[in-house]
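Work through the following exercises with the model open beside you, and try each task before you read its solution.

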Amino acid sequence: MKTRSDDLAIFLAVVDQGSFSGAATLLNEQVAKVSRSVSKLEKQLGITLLNRTTRRVELTDEGRTFETRVRKGLCILEEAEEQLLVSKDNPSGTLRVDAASPLLIHQIAKHMGEFRELYPNIKVELTSNEGYVDLLEKRTDLAFRIGPLSDSTLHARLLGTSALHMLASPGYLDRYGVPATPEELSKHRLIGFTDIPSLNRWPIKGLKEVELHLSSTNGEVIRQMALNDGGITCLSNFMVKEDIAQGRLIPILTGLIDPMSDRRLVNAVYYRSSSISSRISVFLDFIQQRLKL
């Protein structure tokens, strides 16, 4: 494209006002600048758009054809800008959100009715993956991730931190006893994540590796095994705080848990290569206010 939209807008103002001086007054610009803009258009296009007289200017035949199409084109651009501005206040479209199932179950899904009330033009699609998904491959707009981040191509918003708990059911502890030291964990059944090493690094001082006896790719399945006397596990507070409050799970080794473990981090990630859309922005603002990590 040889021409610029601001020069085209000046050209239309000259046509509408019938003179360079009239256009300059309308646009609050100097007459010389208005004249230069039109001359530049004619030079770039290699054609005369306006016939000048001492009193007014008139369109040439070529200028009349050009003026009609330019006016339509600029109207389309203005409508596109207006639509984007409106969408900031009234976001719409489909928002695809991915998270591990425990986060969806305990923190996100229950708020979706309220979100739809506030933003009826946004259609939300929730998917559950226990591992890290490729946002491009899965056509995902936004993903929630627990633990440290490694992909530098993504934008990230830290939503908060969720304390970690080592715990087991009262029935299991009554039968097998309560471990008092990390070393005593070797005498117990331990439950963890299948093929997710970062989530099996339990943040206990003095504890190196744990030998798992039961595992699952799904954190909610791990919680259910622990609730049903399966053994000892390490889970995030957002999953088990109600279980702890109701006495269904009992924290152990509480004084030995590293309070600064990066496994506590809860982030939302989205593409670094594009600007954050209004629907992602309003969703993050909405859900961050309601997360109870």
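A residue is called buried when its relative accessible area is under 20%, exposed when it is over 50%, and partly exposed in between (1.4 Å probe, protein chains only). The model is a predicted one, in which local features need pLDDT of at least 70 and side-chain atom pairs count only at pLDDT 80 or more, while totals for chains, interfaces and linings use all residues. Residues are numbered from 1 along each chain as its sequence is written, and side-chain values use heavy atoms, with hydrogens and water left out.

**Exercise 1. Salt bridges**

Task: Find how Glu42 and Arg52 are joined, and state which parts of the chain the pair ties together.

Solution: Begin with the criterion, by which a salt bridge is a side-chain nitrogen of Lys or Arg within 4 Å of a carboxyl oxygen of Asp or Glu. In general, side chains of opposite charge can pair when their charged atoms come close. The side chains of Glu42 and Arg52 form such a bridge, with an N to O distance of 2.9 Å. Because Glu42 belongs to helix H3 and Arg52 to strand S1 (residues 50-52), the pair ties together parts that are ten residues apart in sequence; helices (H or I, at least four residues) and strands (E, at least two) are DSSP runs, numbered from the N terminus. As for accessibility, Glu42 is buried at 12%, whereas Arg52 is partly exposed at 36%.

Task: Describe the bridge between Glu67 and Arg71, and place both residues in the structure.

Solution: The closest N and O atoms of Glu67 and Arg71 are 2.7 Å apart, and the two residues form a salt bridge. Both residues lie in helix H4 (residues 61-89), where they are four residues apart, about one turn of the helix. An α-helix has 3.6 residues a turn, so residues three or four places apart point the same way. Glu67, at 11% relative accessibility, counts as buried, while Arg71, at 28%, counts as partly exposed. To finish, search the whole structure, which gives 13 salt bridges.

**Exercise 2. A buried arginine**

Task: Decide whether Arg264 is buried or exposed, and find what its side chain reaches.

Solution: First locate Arg264, which lies in the loop between strand S11 (250-252) and strand S12 (265-271). Arg264 is buried but has no salt bridge, and the nearest side chain of opposite charge, that of Asp258, is 6.7 Å away; in this count Lys and Arg are positive and Asp and Glu negative, and His and the chain ends are not counted. Next, follow the side chain of Arg264 to the backbone oxygen of Ser261, which it reaches at 2.8 Å. Finally, leaving out residues up to four places away in sequence, Arg264 touches Gly160, Thr161, Ser162, Leu164 and Pro259, where contact means heavy atoms within 4.5 Å.

**Exercise 3. A buried aspartate**

Task: Find the side chain with which that of Asp7 makes a polar contact.

Solution: Asp7 lies in helix H1 (residues 5-17) and is buried, with a relative accessible area of 4%. Its side chain is joined to that of Ser37 by a polar contact of 3.2 Å. A polar contact is a pair of N or O atoms within 3.5 Å; within protein, one must be able to donate a hydrogen and the other to accept it, and residues adjacent in sequence count only if both atoms are side-chain atoms. Apart from neighbours within four places in sequence, Asp7 is in contact with Ser37, Lys40 and Leu41.

**Exercise 4. Positive phi and an enclosed helix**

Task: Examine the phi angles of Asn28 and Asp195, and then say how many residues of helix H5 are buried.

Solution: Phi of Asn28 is near 55°, a positive value in a residue other than glycine. Asn28 sits in the loop between helix H2 (20-27) and helix H3 (31-45), and it is exposed at 71% relative accessibility. Asp195, also not a glycine, has a positive phi of about 60°. Its place is in the loop between strand S8 (191-193) and strand S9 (214-216), and Asp195 is exposed, with a relative accessible area of 72%. Turning to helix H5 (residues 101-108), seven of its eight residues are buried, so the helix is largely enclosed by the rest of the structure. Among these buried residues are Ser101, Pro102 and His106.
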